[in-house]
Amino acid sequence: MTRWGILATGHIAARFAEDLRLVPGAELVAVGSRTAESAQRFADRHGAARAYASWAELAADTDLDVVYVATPHVAHHEAARTCLAAGRAVLLEKPFTLDLPTSTELVDTARAAGVFLMEAMWMRCNPLILRVCELIADGAIGTVTSVRADFGLAGPFPPEHRLRARALGGGALLDLGIYPVSLAHLLLGVPQHVRSWAKLGPEGTDENTGLVLGYDSGAIATLSCGLVGATGVTASITGTAGRIDLPEPFFRPEAFHLHRDSAETETFTAELVGSGYQYEAIEVQRCLAEGLTESPLVPHSATLEIMGLLDEVRAQIGVSYL
């Protein structure tokens with residue numbers, strides 16, 4: 001049995017707790033929040049035996065095997081550092097932190113202590129996304145030449161909302177754009193050329209952002225994210241011998257379509273239950289059972305490379321959280 005703690009009590013924490021019920025061998029043992037009332041309400045709702053009124057108290061619980069950190073972006077670094085310092089394994093909600101230096105610090109801390117740490121980029125653990133990667137590796141569409149992906153929400157969001165507030169690490173890029181960027185990275189790796197543009201809101205965070213990533217192989221990725229309109233939230237991966245289309249939402253698909261040159265379209269489906277967070281929990285439990293300190297599906301190197309890319313984009317569009 002893997003004993004889980006959850007740090008934070010918001011919407012994402014609740015969805016993760018619900019999906020944790022679908023994971024064989026998982027048990028939600030404790031929850032931690034900044035207030036006793038919030039922690040107790042969450043514990044009562046999701047069946048956790050213990051509720052703590054501080055992050056430190058949760059981290060100090062030696063009965064826990066791993067803690068899922070689900071705070072807003074701006075608190076990821078502090079919360080994860082608290083858990084790692086106490087020797088707790090950590091699944092840290094994306095984006096890992098607000099920038100590369102603090103993300104690197106967390107990875108270095110975990111490695112030095114020999115403690116498991118993984119970014120909760122659930123897309124990389126999704127069964128159909130893994131199947132897409134297998135097909136591409138097997139040459140189903142030839143050499144990948146382009147990736148297109150978008151993720152936009154209509155809003156409107158008030159200035160104090162976490163998606164807009166500068167103090168909360170707001171903006172489209174870190175919350176939504178990380179999905180298209182992560183897909184491109186998964187398929188093409190680190191780009192050698194980065195060009196981006198954004199419309200910034202009054203808070204100084206990005207409302208509508210476009211990226212073009214170029215690779216020395218000749219491949220390109222055209223990506224967008226925004227808070228000013230509901231996009232299709234789809235993706236398309238083109239290769240020299242075919243194309244794979246991922247329908248909405250591309251990061252948690254229930255099907256995808258493989259178009260091979262001179263062949264009929266093949267549709268791949270999976271019966272997915274829950275919201276899709278259970279697959280990252282399953283990966284964490286697999287890694288812990290095998291004594292791993294990082295996941296092969298969501299390695300530290302990928303987390304840091306993507307965070308470095310997001311830093312570069314923010315520098316180009318003029319978004320800073322300092």
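These are my notebook entries on the sheets, helices, pocket and cavities of a predicted model.

**Entry 1. The six-stranded sheet**

I began with the parallel sheet. It is open and has six strands in the order E3-E2-E1-E4-E5-E6. I looked up its edges and found strand E3 (50–52) and strand E6 (117–120), each of which pairs on one side only. From one strand to the next, the twist averages 25°.

I then checked the pair at the E6 end. Strand E5, residues 89–93, runs parallel to E6, and four bridges join the two. Within this pair, Val-90 has Leu-117 of E6 as its bridge partner.

Which strands does helix H1 lie across? I noted strand E1 (2–7), strand E2 (26–32), strand E4 (66–69) and E5. H1 runs at about 165° to E1.

**Entry 2. The eight-stranded sheet**

Next I took the sheet with mixed pairing. It is also open, and its eight strands follow the order E8-E9-E10-E7-E11-E12-E13-E14. Why is one side of E8 and of E14 left without a neighbour in the sheet? Strand E8 (193–200) and strand E14 (266–269) stand at the edges and each has a single partner strand, so one side of each stays free of a neighbour in the sheet. Neighbouring strands here are turned by 10° against each other on average, with direction ignored.

I went through some of the strand pairs:

- E7 and E10 run parallel and are joined by seven bridges; Ala-149 stands opposite Leu-223 in E10.
- E9 and E10 are antiparallel, with seven bridges; Asn-208 has Gly-226 of E10 as its bridge partner.
- E13, residues 255–260, is antiparallel to E14 and joined to it by four bridges; Phe-256 stands opposite Phe-268 in E14.

I also looked at the turn between E9 and E10. The two strands form a hairpin with five residues between them. In that turn, Gly-218 has a positive phi of about 105°.

**Entry 3. Helices on the eight-stranded sheet**

I looked up which helices pack here. Helix H6, residues 127–137, lies across strand E7 (144–152), strand E11 (235–239), strand E12 (242–246), E13 and E14. H6 runs at about 15° to E13. H7 packs on the sheet as well, touching E7, strand E9 (206–214), strand E10 (220–226), E11 and E12. The direction of H7 makes about 160° with that of E10.

**Entry 4. The annotated domain**

I checked the record for this stretch of chain. An unreviewed UniProt entry places the feature "domain: GFO/IDH/MocA-like oxidoreductase" at residues 130–244. Over these residues the chain is 22% helix and 36% strand. The end C-alpha atoms of the stretch are 13 Å apart.

**Entry 5. The largest pocket**

How much space lies in the largest pocket? I noted about 620 Å³. The pocket is lined by 25 residues, and those closest to its centre are His-11, Ile-12, Lys-94, Arg-162 and Asp-175. Helix H1 (11–20) and helix H7 (172–188) each supply at least two residues of this lining. H1 is the helix I had already found lying across E1, E2, E4 and E5, and H7 is one that packs on the eight-stranded sheet. By class, the pocket lining has 13 nonpolar, six polar and six charged residues.

**Entry 6. The cavities**

I then turned to enclosed space. A probe the size of a water molecule, rolled over the atoms, shows where empty space is left. The structure holds two cavities of 30 Å³ or more.

The largest cavity has about 40 Å³ of space. Its lining is made of Phe-96, Glu-119, Met-121, Ile-178, Ser-182, Thr-303, Ile-306, Met-307 and Leu-310. The elements that give two or more residues to this lining are H7 and helix H9 (300–317). H9 has the largest share, with four residues. I recorded six nonpolar, two polar and one charged residues in the lining.

The second largest cavity has about 30 Å³ of space. Glu-119, Met-121, Arg-124, Ser-182, Val-298, Ala-302, Thr-303 and Ile-306 line it. Which element gives the most to this lining? It is H9, with three residues. By class I recorded four nonpolar, two polar and two charged residues.

Comparing the two lists, I found residues that line both cavities, among them Glu-119, Met-121 and Ser-182.

Note on methods: Residues are numbered from 1 along each chain as its sequence is written. This is a predicted model: local features need pLDDT of at least 70, side-chain atom pairs count only at pLDDT 80 or more; totals for chains, interfaces and linings use all residues. Side-chain values use heavy atoms; hydrogens and water are left out. UniProt positions are given in the numbering used here, feature names are shortened, and annotations may be inferred rather than shown by experiment. On a 1 Å grid over the protein atoms alone, a cavity is a set of points where a 1.4 Å probe fits but cannot get out, and a pocket is an open set with protein on both sides within 12 Å along at least five of seven lines; lining residues have an atom within 4 Å of a point. Grid points are joined across faces, edges and corners, and a volume is the space filled by probe spheres set on the points. Ala, Val, Leu, Ile, Met, Phe, Trp, Tyr, Cys and Pro count as nonpolar, Asp, Glu, Lys and Arg as charged, and the others, Gly among them, as polar. Two strands pair if DSSP finds at least two bridges between them. Axes are lines fitted to C-alpha atoms, for helices over the stretch in contact, and angles run from 0 to 180 degrees between N-to-C directions. Contact means heavy atoms within 4.5 Å.
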